[in-house]
Each structure stands twice: as C-alpha cells, then as structure tokens.
There are 2 protein chains.
Amino acid sequence: MTAMAQEEGNAPRGRPRSAASRQAVLQAAYAILIEEGLGGFSVEAVAARAGVARTTIYRWWPTKGLLAFDSFREAFGAQLVFARTDAPAADLRALVRSLARALAGPAGRLAASVMAQAQSDPEVQKLFLEQFSLPLRRHSAGVLKAGIAAGVFRSDLKVERLLDALVGAVYLRLMFGLPLDAAWADALAETLLGGCMA
Amino acid sequence: MTAMAQEEGNAPRGRPRSAASRQAVLQAAYAILIEEGLGGFSVEAVAARAGVARTTIYRWWPTKGLLAFDSFREAFGAQLVFARTDAPAADLRALVRSLARALAGPAGRLAASVMAQAQSDPEVQKLFLEQFSLPLRRHSAGVLKAGIAAGVFRSDLKVERLLDALVGAVYLRLMFGLPLDAAWADALAETLLGGCMA
C-alpha cells in the first residue's frame, strides 16, 4: 500500500481509487488462476478482466509471477484462521481445520499444480516459497508462539518443525488427492497438539 | 518370491539361480533409475545391464512401471530402520533419522521427481502409492504399534495421522530442496514424540 500510495501521489481522491483498482486486479488474477491455472495466466487477461491498463498492473507487480502469487496468497490467506485467544489449543485446531478446508476446493488443486511445477522450475519454487509459503508460515508461527507465551505450549517447542509436520501432512494429502475433511484435520491437530502442550 | 519359485519350478538348482537373476534385475533397474531417472528407464536397458532376457523380466514384472517401483522400494526400504526394541521412542527417532538420511542423497531427488510426475499422471500416482508409499507406511506403522503395545505410546494414538505428519514433513523439505540432516530429523522426531507418549 505504501508503494502504491507513493505512485498515485497524495491527492485525497487518489488513494481510494487505486486501492479499489488494486483489489480489482487481485480478484481478477485469482479468478483467472482458479479457472485457467498458471498456464492460462497472463497480465493481458488480468488487465482485461479487471478493466485496468496493463501499465497499471506492471507499476505494482513487475512480473506476472509476482502478481499470480500475490493474488493467490491474499485470497487463500483470507480463508485461514490465525486466532490468538486464551485457548491456544483451540486456536491451533482452528488453524489446521481452516487450512484443510481452504485446500479442499479448487485452491488446493491450484496449489498442488504449482507445487508440482516448482519441482522442475526453480523460479516458481522461489516464488512459491517467498510469496506464499513463508508469509503464511509466519502467521501460523504467531499462533504457536502465542501459546508458548501463554504458558500453555511448552517453552522448548520447535515451532518450525511443528509447522513442517502440519503443512507437510496437508500437502501430502493434497498431492495424492486424498480428502481434507474436518475429521482428518481434527485428528491431525490432536496428534500434533500432544507435542505442543507444556 | 513365491510367484517366482512357481515360475521357475521346484528344481533344486532353479531357485538360487532365479533368485540371483531377480536380484541382478532389481539392482540394474535401481542403478538406471538413479543414473537416468524415470525418463531413461526401459526394460531393454535393464535387461542389457542385468544380463538377462527381456522375457525373463516380463515374466516377473508385467510392466516397466512395476519393475521401477519394485526396485526403488527394495533399495530404499533397505535403508530404513524399522527397529522394535524395548525403547519405542528411540525406535521412532531411528526411523525418522533413517528416512531423512535415505532421502538426502540421489534417491531423494528421484523420489521428488516421481512425486512431481505423480501430480499429473494418475498411473504414476497409483504406482507410487501402492508399490512404494503404502508398503513402507505399513512397516512404519508397525514401529508405532509396537510402542502402543508396550504401553509407552498412548493407546489412542492416531498412527496414520502421525505418519502423515512424519512423511509429509520429510516430503516438504525434499520438495523445496531443504537439507534433511540428522539435526533436523531429531528435532522433528522430538516434536512428534510428544504426541505419542502415554
């Protein structure tokens, strides 16, 4: 938003209009990703769907890869529950369940295809890690660290390894087209929680 | 081995000779997989390297996919530690460490490429699950169930979910080319063990 506001100047009317354009671009980009996959994704198509000029898009996102991952992370991340209540175990359960639910639909098939592509394309792998996986892991780590701070989770909990196990289990199901339902998510959360409690 | 012994008849000299041929075929197949990947893998190449007739191979393995996965599972599985001592926590640590070590080398790159291919090829996915993943999961489940039977692991441990977390975490590292060293494996094992103990 800061970079965008600078680009648009400080005119009072500039900010709301550019924020709306930015949202329109991200929504159009995500819709195209879900409908066409990365293969059918282009800045031209996004510009046409969002009703903005290509130059406007390139001003905010220097490459189509950055735009694709930005739109994916925003739409996907909005479905995750990063709660930090006084019940850290329930917060972790809610996070696991929301992750499974978000990946059970078309976003999961998209994530699986991106991950498959990342295996043979280092640029896609880098974008996936930096623009998608790591930002969402940081939020998830926050949920676990809040549980440690509250004294409910053990102080020596290896947050990054717990997240490897959580995210890895979900990816594994996704890769093999196995169901990511609430019962599976709850059983995974219970299994992992045992290793978290103080 | 049973089907093979039947094919070869019950002549006293038949069994050792065919067992040796079978091992030669599996070793040749694995060597080609590691050197060339699935793309360079063919029954012709395996037959030439093992010094057996193609018809001999087809008698035991109806398709090249079955041969490839059989050789991969045998060579890979032999590196895993499925110990069942009176110290179940140490057995689980040894399993996680052996899994990480086995995948840190060329076998890991092969596994990652097969998994990537499995995303877009249902036949490869089926073979990977049935011929590789599920047999090794059954052995791993045995280690966990022995810990439950010994009263060291909790009786309501969800063995399959624990394996999702363990295998998923390893795959995740593999996919992103992150190191699978002993320190990482030990930290993962400790994190998971908390959820296992009675």
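Here is a conversation between a trainee and a mentor about a predicted model with chains A and B.

Trainee: Let's start with the fold. What makes chain A a helical chain, in terms of helices and strands?

Mentor: The assignment gives chain A 10 helices and zero strands. Read from the N terminus, the elements run α-α-α-α-α-α-α-α-α-α. The C-alpha trace of chain A spans about 55 × 40 × 25 Å along its principal axes.

Trainee: Why is the pair Arg137(A) and Asp164(A) called a salt bridge?

Mentor: Set the distance against the cut-off. A side-chain nitrogen of Lys or Arg has to be within 4 Å of a carboxyl oxygen of Asp or Glu. For Arg137(A) and Asp164(A) the closest N and O atoms are 2.9 Å apart, so the pair meets the definition. The two residues are 27 apart in the chain, with Arg137(A) in helix H8 and Asp164(A) in helix H9 of chain A, and the pair thus links distant parts of the chain.

Trainee: How many salt bridges are there over all chains, and how many between chain A and chain B?

Mentor: Over all chains the structure holds 24 salt bridges. Between chain A and chain B the count is zero.

Trainee: Then how do you know that chain A and chain B touch, and how many residues take part?

Mentor: Contact asks for heavy atoms within 4.5 Å, and 28 residues from chain A and 28 residues from chain B take part. There are also four residue pairs in polar contact between the chains, counting those with both residues at pLDDT 80 or more. On the chain A side, helices H7 (106–120), H8 (122–149), H9 (159–175) and H10 (182–193) each supply at least two residues. H9(A) gives the most, with 11 residues.

Trainee: What is the buried area between the chains, and how much of it is on carbon and sulfur atoms?

Mentor: Chains A and B bury about 2,700 Å² between them, and 70% of that is on carbon and sulfur atoms. In chain A, the residues that lose the most area to chain B are Gln119(A), Met175(A) and Phe176(A), together 24% of what that side buries.

Trainee: How do the residues on the chain A side divide by class?

Mentor: There are 17 nonpolar, six polar and five charged residues on the side of chain A that touches chain B. By these classes Met175(A) and Phe176(A) count as nonpolar and Gln119(A) as polar.

Trainee: On to the pockets. What makes the largest pocket one that draws on both chains, and which elements line it?

Mentor: Its volume is about 340 Å³, and 20 residues line it. Nearest its centre lie Gly108(A), Arg109(A), Ala112(A), Leu174(A) and Gln119(B). Helices H6 (88–104), H7 and H9 of chain A, together with H7 (106–120) and H8 (122–149) of chain B, each give two or more residues to the lining. H7(A) has the largest share, seven residues. By class, the lining holds 12 nonpolar, seven polar and one charged.

Trainee: And which residues lie closest to the centre of the second largest pocket?

Mentor: That pocket holds about 290 Å³ of space. Of its 20 lining residues, Gly108(B), Arg109(B), Ala112(B), Leu174(B) and Gly177(B) are closest to the centre. The elements giving two or more residues are H7 of chain A and helices H6 (88–104), H7 and H9 (159–175) of chain B. The largest share, five residues, comes from H7(B). The lining has 11 nonpolar, seven polar and two charged residues.

Terms used: Residues are numbered from 1 along each chain as its sequence is written. Chains are lettered from A and ligands numbered from 1 in the order in which they are written. Side-chain values use heavy atoms; hydrogens and water are left out. Buried area is the accessible area (1.4 Å probe) that two parts lose on being put together, summed over both. A polar contact is a pair of N or O atoms within 3.5 Å; within protein, one must be able to donate a hydrogen and the other to accept it, and residues adjacent in sequence count only if both atoms are side-chain atoms. Helices (H or I, at least four residues) and strands (E, at least two) are DSSP runs, numbered from the N terminus. On a 1 Å grid over the protein atoms alone, a cavity is a set of points where a 1.4 Å probe fits but cannot get out, and a pocket is an open set with protein on both sides within 12 Å along at least five of seven lines; lining residues have an atom within 4 Å of a point. Grid points are joined across faces, edges and corners, and a volume is the space filled by probe spheres set on the points.
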